[in-house]
Amino acid sequence: MSYTRDFYGTNYTIPARRETGWATWVSDFLIAIAEKLTGTPQTVDADIALTDIDCSAGHNVTLNLLSNTEITLSNLPEGDRAILFVSQTGSFAITWADTIMWRGGSSPTITSGAGALDILTVFNHPDLGFIGDFAQDYS
């Protein structure tokens, strides 16, 4: 006998062991768990003045910095995080939304120079809002 359970907002019908489709269900469910733990990757090209990163498309973001831009985050659920791998293509700057609290009290200055890589993590804390941290200069 199968039954239905909710997993992070998605209902899964779980077949009984040895019931037809059980092995496929297990495989699909393990993939869903892995995606929740690691996030779905996405690539965003920041080539305009305002770049919105829609986290519903993925929480692991390769951000190709192609011009100076302001970054905003949307659809990042409370209690979740986004990891941004900022790939520099020149000497472009990022302005961050003032809704992010950064370690040390100010937003990071992105490492300049083609090929430079910075890694930023933004958490959406249920009580404190967006909290940002960063590691820089992986050139």
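**Figure 1. Secondary structure of the protein chain: 1 helix and 11 strands.** Welcome to the whole chain, shown here as a predicted model. Reading from the N terminus, the elements follow the order β-β-α-β-β-β-β-β-β-β-β-β. The protein chain has 139 residues, of which 35% count as buried. About 8300 Å² of the chain is exposed, and carbon and sulfur atoms supply 54% of that area. If we take the contacts between residues at least 6 apart in sequence, 37% of them join residues at least 24 apart.

**Figure 2. How confident is the prediction, and where is confidence lowest and highest?** For the protein chain, the mean pLDDT is 85, with 80% of the residues at 70 or more. Confidence is lowest in helix H1 (residues 22–38), where the mean is 66. Strand E4 (residues 50–54) has the highest confidence, at 95. A friendly caution goes with this view: predicted coordinates should not be read in detail where pLDDT is low.

**Figure 3. An open sheet of 6 strands with mixed pairing.** Follow the strands across the sheet and you meet them in the order E3-E5-E7-E10-E11-E9. Strand E3 (41–46) and E9 stand at the edges; each has a single partner strand, so one side of each is left without a neighbour in the sheet. From one strand to the next, the twist averages 25 degrees.

**Figure 4. A closer look at the pairing of E3 with strand E5 (residues 60–65).** Here the two strands run parallel, joined by 6 bridges. To find your way in this view, start at valine 44, whose bridge partner in E5 is leucine 63. E3 is also one of the edge strands, with a single partner strand.

**Figure 5. The salt bridge between arginine 103 and aspartate 133.** A search of the whole structure finds 1 salt bridge, and this view is centred on that pair. The side chains of arginine 103 and aspartate 133 meet with a distance of 2.5 Å, N to O. Which parts of the chain does the pair link? Arginine 103 lies in the loop between strand E9 (100–102) and strand E10 (117–125), while aspartate 133 belongs to strand E11 (residues 129–135). The pair thus links distant parts of the chain, 30 residues apart. Are the two residues buried or exposed? Arginine 103 counts as partly exposed because its relative accessibility is 49%. Aspartate 133 is partly exposed too, with a relative accessible area of 32%.

Note on methods
Residues are numbered from 1 along each chain as its sequence is written. Side-chain values use heavy atoms; hydrogens and water are left out. Helices (H or I, at least four residues) and strands (E, at least two) are DSSP runs, numbered from the N terminus. Buried means under 20% relative accessible area, exposed over 50%, partly exposed in between (1.4 Å probe, protein chains only). Contact means heavy atoms within 4.5 Å. Accessible areas come from the Shrake-Rupley method with a 1.4 Å probe; for residues, only the protein chains shown count as cover. A salt bridge is a side-chain nitrogen of Lys or Arg within 4 Å of a carboxyl oxygen of Asp or Glu. Two strands pair if DSSP finds at least two bridges between them. Axes are lines fitted to C-alpha atoms, for helices over the stretch in contact, and angles run from 0 to 180 degrees between N-to-C directions. pLDDT is the predictor's confidence in each residue, from 0 to 100.
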